[in-house]
Every structure is written in structure tokens, then in C-alpha cells.
Amino acid sequence: MSSNGAKILVIDDEQQIRKLLRVTLQAHGFEVIESPTAEDGLMQAAMSRPDLIVLDLGLPDLPGIDVLKQIREWSNVPVIVLTAKEQESDKVTLLDAGADDYITKPFGMGELLARIRVALRHVIGASSEPVLVFGELTIDLAKRIVKLSGEAVKLTPTEYDLLKVLATHAGRVMTHQQLLKRVWGALEDQLDSQYLRVYVGHLRKKLEEDVTHPKYILTEPGIGYRFADFPG
């Protein structure tokens with residue numbers, strides 16, 4: 001997706017951070033709306049209908065995670081969270097609450113821009129691309145056909161469902177719990193991350209040239225998995 005015309009809402013109480021984001025994002029063709037508080041951010045999210053939200057957790061009037069939960073009650077707009085927290089459990093909580101991605105402070109603008117482009121591509125691609133292409137890997141969502149270098153890959157129904165969830169969220173971190181819920185549904189409470197790890201191992205054996213250095217299904221230690229996003 002081209003950045004031109006994409007509207008980004010930045011919710012952050014630090015004026016210097018907002019200025020940095022505004023200048024950088026505008027230079028890359030984005031339209032930027034700024035909110036210094038949670039209350040104003042929620043109002044702008046509802047009224048301005050942004051294409052993506054950059055949300056800081058440390059807001060003065062309401063915790064950022066509560067802002068995220070309120071937004072998720074009525075909107076699926078991509079939300080990238082800015083956080084100073086390093087604990088894996090904190091990041092899992094954010095993702096399970098509905099964040100599309102997170103970036104830890106201090107961060108580089110190059111990394112944030114890349115995360116934004118991935119999130120925006122996902123919004124467009126999810127509804128308009130029946131065939132997903134990642135390098136030599138193609139996934140035909142309509143026909144449930146997976147090919148690697150032109151050769152069909154035989155997957156079990158569960159393996160395919162897991163691959164589909166990961167690939168349709170390419171570039172995003174998916175927590176263990178999110179994947180268990182999406183793939184196994186009501187059985188999720190009876191399963192754990194080790195069960196999921198077994199299926200990821202099966203997929204890697206069928207898709208990866210080197211399972212010790214995967215290029216498609218990447219591990220986010222202690223959190224979950226991220227399907228690699230291929231530019232294009």
C-alpha cells in the first residue's frame with residue numbers, strides 16, 4: 001500500500017515524540033493527527049477514522065492498554081504500541097488485548113516506518129488478495145493450495161489452518177494463545193505452547209530450506225511467532 005493519503009493518529013503525551021513522528025511521517029507521505037491525551041485520542045479515533053494508530057502506553061489520564069481495549073470494542077484499525085516495557089509477559093498482554101504490533105523505546109524511525117508499512121499492507125491485502133506470495137512460497141486462499149518453488153506442498157488441514165493464520169497476519173507477532181484460539185478454537189484451553197510448537201516444527205520441515213534458520217516462520221521467544229513479511 002502506498003503511504004500517500006494514509007492517515008495516522010499519534011496518541012502520545014510527549015510533545016517532542018509527537019513532533020518527531022509528525023515530521024518523519026509527513027516526509028514519507030502520511031497525513032498525521034496528534035493527540036496528547038487518551039481522552040482526545042479516543043475522540044480522534046472515532047471522528048477522524050485513521051488508517052492506523054500509534055499509541056503510547058504512558059498517557060497521563062488513562063493507561064494506554066485501556067485505550068487499546070476501548071478502541072477494540074468498535075474498531076479493527078491497526079494499532080502499533082510504543083512501550084518502554086521489556087518483559088515478555090507485558091508484550092503478550094498487549095498483543096492479546098488487540099495490538100497489531102509493538103515497538104520498544106528507544107526506537108529507530110526506520111523500524112517504526114517498516115512496521116507501519118506492514119500493518120497497512122495487511123489491511124489492504126487481507127481483503128483483496130486471494131493468493132498470497134512470499135518469495136518462493138504461494139498460498140491460494142480460495143483453493144487452499146500451497147506451493148513452494150512451483151511445487152505443491154502437502155499439508156494436513158490443521159497445518160494449513162495454522163499457516164493461513166500466520167500468513168494472513170504477515171509481519172505481525174501472533175501470541176501462542178492467539179494462534180491456539182484461531183486454529184483450535186474451543187480446544188485452546190486444553191492445549192499449550194508446546195503443542196503449537198510441534199505443529200510449527202512440522203510446517204518448517206515442509207517449507208523451510210534450513211529449519212534452524214527459518215525465513216518464513218520466525219520465533220518471538222516467550223511470546224509467539226511472526227510470519228516474515230516480504231516486500232512487494
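When two elements of a structure are said to be in contact, this means that heavy atoms of the one come within 4.5 Å of heavy atoms of the other. With that in mind, we can begin with helix α7, residues 176-184 of this predicted model, which lies across the strands β10 and β12 and runs at about 75 degrees to β10. A second helix, α6, made of residues 157-168, lies across β10, β11 and β12, and its direction makes an angle of about 65 degrees with β12.

The strands beneath these helices belong to one open sheet, in which 3 strands follow each other in the order β10-β12-β11 with antiparallel pairing. The edges of this sheet are formed by β10 (173-175) and β11 (217-220), each of which pairs on one side only. Neighbouring strands here are turned against each other by 30 degrees on average, if direction is ignored. Between β10 and β12, which comprises residues 224-227, the antiparallel pairing extends over 3 bridges, and within it Val-173 has Arg-226 of β12 as its bridge partner.

The loop that leads from α6 to β10 contains Arg-172. Is this residue buried or exposed? A residue counts as buried when its relative accessible area is under 20%, and because Arg-172 has a relative accessibility of 12%, it is buried. Its side chain also makes a polar contact, at 3.1 Å, with the side chain of Asp-100.

We now turn to another part of the chain, where strand β4, residues 79-83, deserves a careful look. All of its residues, 5 of the 5, are buried, so the strand is largely enclosed by the rest of the structure. In a regular strand the side chains alternate between the two faces of the sheet. In β4, Val-79, Val-81 and Thr-83 are buried on one side, while Ile-80 and Leu-82 are buried on the other, and in this way both faces are covered.

Strand β4 has pairing partners as well. With β3 it pairs in the parallel sense over 4 bridges, and there Val-54 has Ile-80 of β4 as its bridge partner. With β5, residues 101-104, β4 again pairs in the parallel sense over 4 bridges, and in this pairing Thr-83 stands opposite Thr-104. Helices connect these strands into two units: β3, α3 and β4 make a right-handed β-α-β unit, and β4, helix α4 (residues 88-96) and β5 make a right-handed β-α-β unit too.

Helix α2, residues 38-48, gives an example of a helix with two unlike sides. Which of its residues are buried? They are Ala-38, Gly-41, Leu-42, Gln-44, Ala-45 and Ser-48, and because they cover an arc of only 165 degrees around the axis, they sit on the same side of α2. The general background is that an α-helix has 3.6 residues a turn, so residues three or four places apart point the same way. The cover over the buried residues of α2 includes the strands β1 (7-11), β2 (31-35) and β3 (52-56) together with helix α3 (64-72), whereas the face turned away from the buried side carries the exposed residues Glu-39 and Met-47.

The two ends of α2 can be described in turn. At its start, a side-chain oxygen of Thr-37 reaches to within 3.1 Å of the backbone nitrogen of Asp-40, and after the helix comes Arg-49, a residue whose phi is positive, near 50 degrees.

Terms used. Residues numbered from 1 in each chain as written. Predicted model: local features only at pLDDT ≥ 70, side-chain atom pairs only at ≥ 80, totals over all residues. Heavy atoms only, no water. Pairing = 2+ DSSP bridges. Axes fitted to C-alpha atoms, helices over the stretch in contact; angles between N-to-C directions. Buried < 20%, exposed > 50% of the residue type's maximum accessible area, 1.4 Å probe, protein only. Arc of directions from axis to C-beta. Polar contact = N/O pair within 3.5 Å; in protein donor to acceptor, adjacent residues only side chain to side chain. Right-handed = clockwise from strand over helix to strand, strands pointing away.
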